[in-house]
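User: I should like to look closely at a single part of this model. Please take me through the part and its surroundings in one connected account.

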Amino acid sequence: MNAHEIDYEIYGEEMQYVEIELDPQEAVVAEAGSFMMMNTDIKMDTIFGDGSNQDSSVLGKIFSAGKRMLTGESLFMTAFLNIGQGKKKVSFASPYPGKILPIDLSEKGGKFICQKDAFLCAAKGVSVGIEFSKKLGRGLFGGEGFIMQKLEGDGMAFVHAGGTMAKKELAAGEVLKVDTGCIVGFSQTVDYDIEFVGGIKNTVFGGEGLFFATLRGPGTVYVQSLPFSRLAGRVLAAIPRGGKDKGEGSILGTLGDIVGGDRGF
């Protein structure tokens, strides 16, 4: 095994966190901001990239870390190393309501492709890189652009899906059509492309976007019901303009605020 062999347990329902058990000298790497809690004798260390190429040259490390910038991630990741004598635990939390998906890369042919902000943490030795799209349509209209994230190695990795997650096993030639933002990830055997929705009414009044993703089997696909972009859009739309409350649930609006004692107008 190139990656460290870690044990884990996932807790919670809508707001999950993963607790990882580390043997002495075992380590896990995580995105900045995902750390939740840990035992003593676990050493935190900020590293370039994902730590899978620590024996390479300085230039190689910089190039590896620089690739992460193309996916909108930080140049740095955080490694958590057990320097104690016994087993120690460290936990990482999901960034918004949804599910944490454990992925055993040894069962996925050593590679898994996911949306660029889905990665949460992984056993040290797992490579977190970028996957370039070779199709122009996917790059221009796919929502994720030319670049998606790829996880490579033979260890455990954890990604996050918003809302409820669906797992679909596609047979050879079977096609699944998905909203581009709802894709969490898929195995490397799945062919991913973009298709125009079609129809004037669908295009102008459909409200679902002009394109959806077509995923062709064989392979496994994971789909999320609540992409963060969709959640953020609803929150943004609900923000009161000019600092005023929208008065949800009241047909009186501003008049209702006055009646209710609000004089801040």
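Analyst: A residue is called buried when its relative accessible area is under 20%. The model discussed here is a predicted one. With that cut-off in hand, consider G84: its relative accessibility is 9%, and therefore G84 counts as buried. G84 sits in a loop, the one that links strand 6 (76-82) with strand 7 (88-93). Apart from neighbours within four places in sequence, the residues in contact with G84 are P24 and D41. N39 is 45 residues away from G84 in sequence, yet the C-alpha atoms of the two are 10.0 Å apart in space.

Strand 7, at one end of this loop, belongs to an open sheet of 4 strands, in the order 1-2-7-4 and with antiparallel pairing. The edges of the sheet are formed by strand 1 (7-11) and strand 4 (35-38); each has a single partner strand, so one side of each has no neighbour in the sheet. On average, and with direction ignored, neighbouring strands here are turned by 20° against each other. In general, the strands of a sheet pair through backbone hydrogen bonds, in either a parallel or an antiparallel manner. Strand 1 and strand 2 (residues 17-22) run antiparallel and are joined by 5 bridges. As an example of bridge partners, D7 is matched with E21 in strand 2.

A second loop residue may be set beside G84. Q115 lies in the loop between strand 9 (111-114) and strand 10 (119-123). Q115 has a relative accessibility of 6% and therefore also counts as buried. A polar atom of the Q115 side chain lies 3.5 Å from the backbone oxygen of I183.

How values were computed. Residues are numbered from 1 along each chain as its sequence is written. This is a predicted model: local features need pLDDT of at least 70, side-chain atom pairs count only at pLDDT 80 or more; totals for chains, interfaces and linings use all residues. Side-chain values use heavy atoms; hydrogens and water are left out. Helices (H or I, at least four residues) and strands (E, at least two) are DSSP runs, numbered from the N terminus. Buried means under 20% relative accessible area, exposed over 50%, partly exposed in between (1.4 Å probe, protein chains only). Contact means heavy atoms within 4.5 Å. A polar contact is a pair of N or O atoms within 3.5 Å; within protein, one must be able to donate a hydrogen and the other to accept it, and residues adjacent in sequence count only if both atoms are side-chain atoms. Two strands pair if DSSP finds at least two bridges between them. Axes are lines fitted to C-alpha atoms, for helices over the stretch in contact, and angles run from 0 to 180 degrees between N-to-C directions.
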